[in-house]
Structure formats: structure tokens, C-alpha cells
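Please open the structure in your viewer and keep the sequence panel beside it. The tour below proposes one selection after another and says what is found at each.

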Amino acid sequence: MSGLNASLGYFLSVVIFAAAVRTALTKWPRVSFLMEFASTFMLVACRLEVQTIVEVGQWAGGLGPDVTVTVLFVVLLTHGIICGSALGNPSVAVQKFLQLDTATLPTMLALAAQFAGAHLALLVAGYYWNLELTDMHMIKNLMARECSTSLLVSLLQGFFTECVCALIFHLIYLNLRRRSALIRVPLIAGLLTFLSHTASGYTSAYINPALAYGLTFHCAGFTLTEYAVVYWLGSLTGMTLALLLYMGHIPRIFAKNLLYSQKTRFRVPKGDKPEKKKQ
């Protein structure tokens, strides 16, 4: 259990950092995009440690699959509670842009902050593994030099898997976005846990370009372009299809509803035809 205790201490430190950034940014709403930086950092940093538990925890720390699934759900639930609407997901940022909820500059700043947070999480996790606090982290430190890719299928299968998982996630997210956080956050955490566990033998269903960048882009096996096709293009394609199915059109691109008719519920009475003038 010493390995799990060390991981819990690491999780707690990352959560405290993200919570502190969120508290500080309430006083400076103009730089609120930095919340996306903290949100992505927390998500990627914690998922990197979850990945460690999945890969070596069972035979280096006695941690079974039930523990890893529970830890993943708790991490996602805590992330949703601490970060609120800042999901640390570039696909969601692009979705809000396509819905006309955000302008171009805030979207670009959010995307830059998200990938910067993911890169910082990689550096912090690498430093943490170098400390080799437990046998599990010592083995992970050795494995980090030649990590295993999360993409375990062909390029086409990987693209299709990420696209379908993103389609499911964004359809449910769009339906839940106006619900109470007490309902939305646990359901989203449960959905992401389920999709990740189900697709663990395919792509791990990250459904998040920044998360995929932090967790598998640096691993050998595929080129950067191939990873981008699966984890970036696949996620964005699934998100776009979900938005099209949900709204019937893409507001940023099409003003007219392409799928659903906008018929009025009430008929407007036709006016009487003007009488012909008597000659």
C-alpha cells in the first residue's frame, strides 16, 4: 500500500495547486483562460499517475483492476468538482467556438493554455518518477524512456474508435451541460471512466487532444501525424458530428438548420383578400 499512499500524496498536491489557481483567478476574470491551463495540468498529471498504477501497479504494488478503475473515477470526479466548467479539453473549447459561445481570441488562448498545461504535467510527472519513492515509481521511471503506446490498433480502427467515443461523450455532455453540477459531474466522470475502460485495448478513449498529447504522443510506435489523426482529428470529428446531431447545424458555419425543421407551433391567420375595386 506504500505505492498507493505515495500516489495519493501526489494526487493531493496536484489538486491543491489547481484549486489555488482557480481561487486566485476569481479576482482576475480577464485571464480566466489560465483556468484551462490549471485544469489540463491537473487532468494530465493525475492521469499519468493513474496510467502508472494501471501499467505496473498490479505486479509492483498489488493493486488490481478494481483499484485502478476506482482511482480513475475518483480522479475524474475530483477534477470535475475542482475545475468546474474548465474541462481542460480542446475539443470542448472548439465546440463552444462553433456554437458561437466564445470568440476566436479566447478560444486560441484556451487551446494554447491547455497544451501548455499538458506539457508541464509531463515535466512534473517525470520529476516525480525520478524521485523513485516506491518500487512502482522506480519501475515506471525505467519504463518512461520506452513507454508503451495507448494506440493498440490500426490507424483506421483507432480513428473510428476515438470518433465514436467522442460522439457519445459530446452528445451526453451537450444534454447535461445545463443540468445541476450534482448530476452533471458524477455522470460525466462515470461516462469517461466507462469509455476509457471499455476502449483500453484500442485507444483508451482519451476523447481529449491535450490529454492524448500528454499520455501517449511521446511513446514510440506511431508518428506524430498518425497520433494526430487518431486523437486530434478523431476527437474533433466526433465532436462536430455530435454538435450537428444535437443542434441540426453548426452555428459558426451554417445559419440554417440542416436536419430539423423549425416549424412554428401556431398558425398565423391569413388576411382577407382585398376586394376588387368596382369599376
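Is His-137 buried or exposed? Select His-137 in this predicted model, and the answer is that His-137 is buried, because its relative accessible area is 0%. The residue sits in helix α6, which covers residues 135-143. Now add Tyr-128 to the selection, and a polar contact of 3.1 Å appears between the side chains of His-137 and Tyr-128.

**The surroundings of Tyr-128**

Stay with Tyr-128, which belongs to helix α5 and is itself buried, with a relative accessible area of 7%. Leaving out residues up to four places away in sequence, Tyr-128 touches Ala-6, Ser-7, Tyr-10, Glu-49, Leu-133 and His-137. If you show the backbone of Ala-6, you can see that the side chain of Tyr-128 reaches its oxygen at 3.2 Å. Another of these partners is Tyr-10, and although Tyr-128 and Tyr-10 are 118 residues apart along the chain, their C-alpha atoms are separated by 8.4 Å.

**The whole chain**

Next, clear the selection and display the chain as a cartoon, where you will find ten helices and zero strands. The C-alpha trace spans about 105 × 45 × 30 Å along its principal axes. Of the 279 residues in the chain, 45% are buried, and the chain exposes about 15,400 Å², with carbon and sulfur atoms supplying 65% of that area. Among contacts between residues at least 6 apart in sequence, 76% join residues at least 24 apart.

**The nonpolar cores**

In soluble globular proteins, nonpolar side chains tend to be buried together. To look at this here, select Tyr-10, Phe-11, Val-14, Met-42, Val-44 and Tyr-231, which touch the most other members of the largest nonpolar core, a set of 50 residues. At least two residues of this core come from each of α1 (2-25), α2 (34-60), α3 (65-83), α5 (104-130), α6, α9 and α10. The largest share, twelve residues, is supplied by α2. Centre the view on Val-14 and, setting aside its neighbours within four places in sequence, you will find it in contact with Phe-41, Met-42, Ala-45 and Cys-46. Apart from the largest core lies another core, of twelve residues, including Val-92, Phe-169, Ala-205 and Ile-207.

**Helix α7**

Now select residues 155-176, which make up helix α7, and compare its length with what is expected for a helix. At 1.5 Å a residue its 22 residues should span 32 Å, and the C-alpha atoms at its ends are 31 Å apart, so the two values agree. Colour the buried residues of α7, among them Gly-158, Cys-163, Phe-169, His-170 and Tyr-173. The buried residues of this helix pack against α4 (90-98), α8 (181-198) and α10 (224-247).

Just before this helix in the sequence panel you can pick Val-153, which lies in the loop between α6 and α7. Val-153 is buried, with a relative accessible area of 13%. Not counting residues up to four places away in sequence, it touches Gly-158, Gly-201, Tyr-202, Thr-203 and Phe-222. For a further distance, choose Val-153 and Trp-232, which are 79 residues apart along the chain and have C-alpha atoms separated by 16 Å.

**The cysteines**

Which two cysteines form a disulfide? Select Cys-147 and Cys-219, whose sulfur atoms are 2.0 Å apart and which form the disulfide. The pair links distant parts of the chain, 72 residues apart, with Cys-147 in the loop between α6 and α7 and Cys-219 in the loop between α9 (209-215) and α10. The angle about the S-S bond is -125°, and the link is left-handed. Both Cys-147 and Cys-219 are buried.

Cys-83, by contrast, is in no disulfide, since the nearest cysteine sulfur, that of Cys-46, is 9.1 Å away, beyond the cut-off of 2.5 Å. Cys-83 is buried as well, with a relative accessible area of 3%. Cys-163 is likewise in no disulfide, and its nearest cysteine sulfur, that of Cys-165, is 9.4 Å away. At 10% relative accessibility, Cys-163 counts as buried, because buried means under 20%.

Notes: Residues are numbered from 1 along each chain as its sequence is written. This is a predicted model: local features need pLDDT of at least 70, side-chain atom pairs count only at pLDDT 80 or more; totals for chains, interfaces and linings use all residues. Side-chain values use heavy atoms; hydrogens and water are left out. Helices (H or I, at least four residues) and strands (E, at least two) are DSSP runs, numbered from the N terminus. Buried means under 20% relative accessible area, exposed over 50%, partly exposed in between (1.4 Å probe, protein chains only). A polar contact is a pair of N or O atoms within 3.5 Å; within protein, one must be able to donate a hydrogen and the other to accept it, and residues adjacent in sequence count only if both atoms are side-chain atoms. The expected span of a helix is 1.5 Å times one less than its number of residues. Contact means heavy atoms within 4.5 Å. A nonpolar core is a set of buried Ala, Val, Leu, Ile, Met, Phe, Trp, Tyr and Cys residues joined through side-chain atoms within 4.5 Å. Accessible areas come from the Shrake-Rupley method with a 1.4 Å probe; for residues, only the protein chains shown count as cover.
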